Amino acid sequence: MTGPETPAAGEGRPARTLRSAKWYETEGLRSFSHRARTRQLGYLPEEHLGKPVIAVLNTWSDINPCHQHLRDRAEAVKRGVWQAGGFPLEFPVSTLSETFQKPTPMLYRNLLAMETEELLRSYPVDGAVLMGGCDKTTPALLMGAASADLPTVFVPAGPMLRGHWRGETLGSGTDMWKYWDEHRAGRIGQRELSELECGLARSPGTCMTMGTASTMTSAAEALGVTMPGAAAIPAVDSAHARMAAAAGLRVVELVRQDARLSRFLTAEAYQDAIATVMALGGSTNAVIHLIAMAGRSQVTLTLDDFDRVARRVPVLANIRPGGAYLMEDFYYAGGLPGLLSRLAEAGLLHLDRPTVAHPSLREQLAGALVHDEAVIRPLNEPVAEEGGVAVLRGNLAPDGAVIKHIAAEPHLLKHTGPAVVFDDYRDMQARINDPALGITADTVLVLRGAGPLGGPGMPEYGMLPIPDYLLREGVTDMVRLSDARMSGTSYGACVLHIAPESHVGGPLALVRTGDQITLDVATRTLRLEVGDAELAERRAAWRPPAPRYGRGYGALYEQHITQADTGCDFAFLSRPGEVPEPYAG
């Protein structure tokens, strides 16, 4: 054992003050047992005693193509930890595979957050490296880590390489929707679909459009909890392994400084993350996730914060689905440091706050350049004058709704039309192509029963399909409303996250086919054109659905999930309160 004044390997705090010392550095039976079991693992005393113990939380799994490479990247992280004089321990955690997990990984985001928090609290670790990227893993890992509040660095999985098919550059997700609609319209067949299956996603990594994955990893970088430039590095680039090793090196130094995550996750950092999402034309899912993440940091964010920032921050990233390029192009153009340098030039960031890598964001961005202004636009030639997400309110969404208007056809941003209502996703699938519904290009498609409780888990159903017969006529966008989310790779005039959701009696539950609905993005309004007396009668007749789950995690979820406008966290996880450190003696 080390003596009371023995410093941890390298400069910094004495070894006795490390959190892991409570497990290893006492005179009692339990400490003896912990050391003996560590010898059982094959480690020498010199390898770990008196050294910062770093948990490497890895969301790798055989079923998650976005994280296929993270097993190797964990070794790079460990290499960095060893080089810095720390002792790495890898922990497998839930993978939350966006493609495969049903009904939606959003149902399990809070479960991974709980796993992260309790794992970091209950084991002898002094700091953490979080490895994720596929949509919900980034917010989940950071939510749990914020609650545990240890020195932490996040390692993004990185975007996959560009897709290719018959001379075209493909964007995963975005072109999947596009070509599926082409198939439904009868313009391509099974041969083309088979070729597209092999060309849409050609390497490990997250979607290479500005979907939820790259939006959230960019938000993490803007928050200051990654290595500089980490979010845009392609997953298979050798720079990605070097970044992972640098994260391992850095987290050991953060432990020596006792620089906990709360030092970086400040109100100013979250405001800068919102600005970054808006400048990227990022995913609407960031609204829910950042509100939940901020709640774990005891920082209050509301929908109004997003709308306020959106009105003053231009879209500068020309990336699909709202632009023309892909994440690989963004990386070569200067990545997030290049984009943030533009926001700093406009006075839109808080530059004196610290990051995990530098004393201030100002120092972190020193020397950042933009190498291709077609991809990262100058301030005087933005992709759009306002941020890509707008917050709507009105009698149909009293607690708010969102629309990614940068990805919608402009003529639909002010629209009044008759509703065709579907009570749930299966109902929509069964009837959407029925000509008897009389759906036209002016119809407002309405899906309910798809919110946090109704989904359950608020699945990405919000980009409702356009009927086949309208696709054949050349219709490419319609106004669509739901209490669901949609993939960040999706597009269209889709109003999402309507709150309160229909499942709890929100106004969406009262809409009937034939009702007129007005959307006006410029005035931020969403209105059901039905009188108050009629709505009161409908409300009196409404009955809440029965609970879906009789037991298990689903029952816990139903009892504690909050609505979209407050982040869909569990109330008992986001509220203030002390949690005692475990007694290890």
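What follows is a chat about the sheet and helices of a predicted model.

Trainee: Anything I should know before I start?

Mentor: This is a predicted model, where local features need pLDDT of at least 70, side-chain atom pairs count only at pLDDT 80 or more, and totals for chains, interfaces and linings use all residues. Residues are numbered from 1 along each chain as its sequence is written, and side-chain values use heavy atoms, with hydrogens and water left out.

Trainee: Okay, what order do the strands of the open sheet have?

Mentor: The order is E2-E1-E3-E4, 4 strands with parallel pairing. Strands are DSSP runs of E, at least two residues, and helices are runs of H or I, at least four, numbered from the N terminus. Two strands pair if DSSP finds at least two bridges between them.

Trainee: Which strands stand at the edges?

Mentor: Strand E2 (87-92) and strand E4 (152-156); each has a single partner strand, so one side of each is left without a neighbour in the sheet.

Trainee: And how many bridges join E1 to E2?

Mentor: 6 bridges join E2 to strand E1 (residues 53-58), and the two run parallel. As an example, Leu57 has Phe91 in E2 as its bridge partner.

Trainee: Which helix lies across E1, E2 and E3?

Mentor: That's H5 (residues 109-122), running at about 160° to E1. Axes are lines fitted to C-alpha atoms, for helices over the stretch in contact (heavy atoms within 4.5 Å). Angles run from 0 to 180 degrees between N-to-C directions.

Trainee: Switching to helix pairs, how do H7 and H8 cross?

Mentor: The axes of H7 (residues 174-184) and H8 (residues 190-199) come within 10 Å and cross at roughly 170°. That makes H7 roughly antiparallel to H8 (over 145 degrees). Tyr179, Trp180 and His183 of H7 make the contact with Gln190, Leu193 and Leu196 of H8.

Trainee: What about H6 and H9?

Mentor: Helix H6 (residues 137-148) and helix H9 (residues 212-223) have axes that come within 8 Å and cross at roughly 35°. Thr138, Pro139 and Leu142 of H6 meet Met216, Thr217 and Ala220 of H9.

Trainee: Last one: is H12 mostly covered or uncovered?

Mentor: Mostly covered, with 12 of its 12 residues buried (under 20% relative accessible area, 1.4 Å probe, protein chains only). Among the buried residues are His289 and Arg296. H12 (residues 285-296) reaches 17 Å from its first C-alpha to its last, close to the 16 Å expected at 1.5 Å a residue; the expected span is 1.5 Å times one less than the number of residues.

Trainee: Which residue takes a positive phi just after H12?

Mentor: Gln298 does, at about 60°.

Terms used
Buried means under 20% relative accessible area, exposed over 50%, partly exposed in between (1.4 Å probe, protein chains only). Angles under 35 degrees count as roughly parallel, over 145 as roughly antiparallel, 65 to 115 as roughly perpendicular and the rest as oblique.
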